[in-house]
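The following exercises invite the reader to work through strand pairing, burial and aromatic contacts. Each task is followed by a solution in steps.

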Amino acid sequence: AVNDGWVLESTETSGVGGSLNNTATTFILGDDAANKQYRAILHFDTSSLPDWAIITSATIKIQQLGQVGSNPFNVLGSLSVDIRKPYFSSTVDLTNNDFQAGVSQASLATFNETPTGAWYSAILNAGGITKINLTGTTQFRLYFTTDDNNDLGADYFTFISGDAASAANRPQLIIKYFIPYDSPIP
């Protein structure tokens, strides 16, 4: 999908996106050999949730495919998540501006450092849950909290993206909710 993928920082210290890939079957998180940070945008259509749903929990799951260099968890800190409703920047499509665009909430979840199988999970905090869009799209920005480790060596994970052939391997947003007793019945 043109809505998700990775954005690479333009230079080591710019803090702004310089290039992107929104068609690959994988996305990248970590840093490259020029000490530029990779960030990923995950896009979910959350409009199928009932407008009156009360969300009780939400978990993002991503499946790791590979690793280059050192384990980013060991050299780049925690894998953090920001949320934006309905999307980062000025369009639903992935842009370089998504790297630094404003958020609905920053650091609403942190991924576990030990995968189950090849899957990493992040449970959204209570504030993040309230930012899920019940009537449209919700996007998440993933990034390691240390932008680079200044070793002039690439240190990153690759994960299976929303463009992967098998839907079972794509990023997942698992939402648990209930419908209040006095809600309208469609």
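The model is predicted: local features need pLDDT of at least 70, side-chain atom pairs count only at pLDDT 80 or more, and totals for chains, interfaces and linings use all residues. Residues are numbered from 1 along each chain as its sequence is written, and side-chain values use heavy atoms, with hydrogens and water left out.

**Exercise 1.** Determine which residue of β4 stands opposite G5, and which residue of β2 is the bridge partner of W6.

*Solution.* Begin with the terms: helices (H or I, at least four residues) and strands (E, at least two) are DSSP runs, numbered from the N terminus. Two strands pair if DSSP finds at least two bridges between them. Strand β1 runs antiparallel to strand β4 (residues 37-45), and four bridges join them. Within this pairing, G5 faces I41. Four bridges also connect β1 with strand β2 (residues 17-21), again in the antiparallel sense. There, W6 has N21 as its bridge partner.

**Exercise 2.** Establish how many of the residues of strand β1 are buried.

*Solution.* The cut-offs come first: buried means under 20% relative accessible area, exposed over 50%, and partly exposed in between (1.4 Å probe, protein chains only). Five of the five residues of β1 (residues 5-9) are buried, so the strand is largely enclosed by the rest of the structure.

**Exercise 3.** Classify the ring pair F27 and F159, then the ring pair F73 and F144.

*Solution.* Rings of Phe, Tyr and Trp (its six-membered ring) pair if their centres lie within 6.5 Å; planes under 30 degrees apart count as stacked, over 60 as edge-to-face and the rest as tilted. The structure holds 10 aromatic pairs. For F27 and F159, the centres are 5.4 Å apart and the planes stand at 20°, so this pair is stacked. Because F27 lies in strand β3 (residues 26-31) and F159 in strand β10 (residues 155-160), the pair ties together parts 132 residues apart in sequence. Both F27 and F159 are buried.

For F73 and F144, the centres are 5.2 Å apart and the planes at 80°, so this pair is edge-to-face. F73 belongs to helix α1 (residues 72-75) and F144 to strand β9 (residues 137-144), so parts 71 residues apart in sequence are tied together. F73 is buried at 7% relative accessibility, and F144 is buried at 1%.

As a last step, ring pairs link F27, F73, Y120, F144, F157 and F159 into a cluster.
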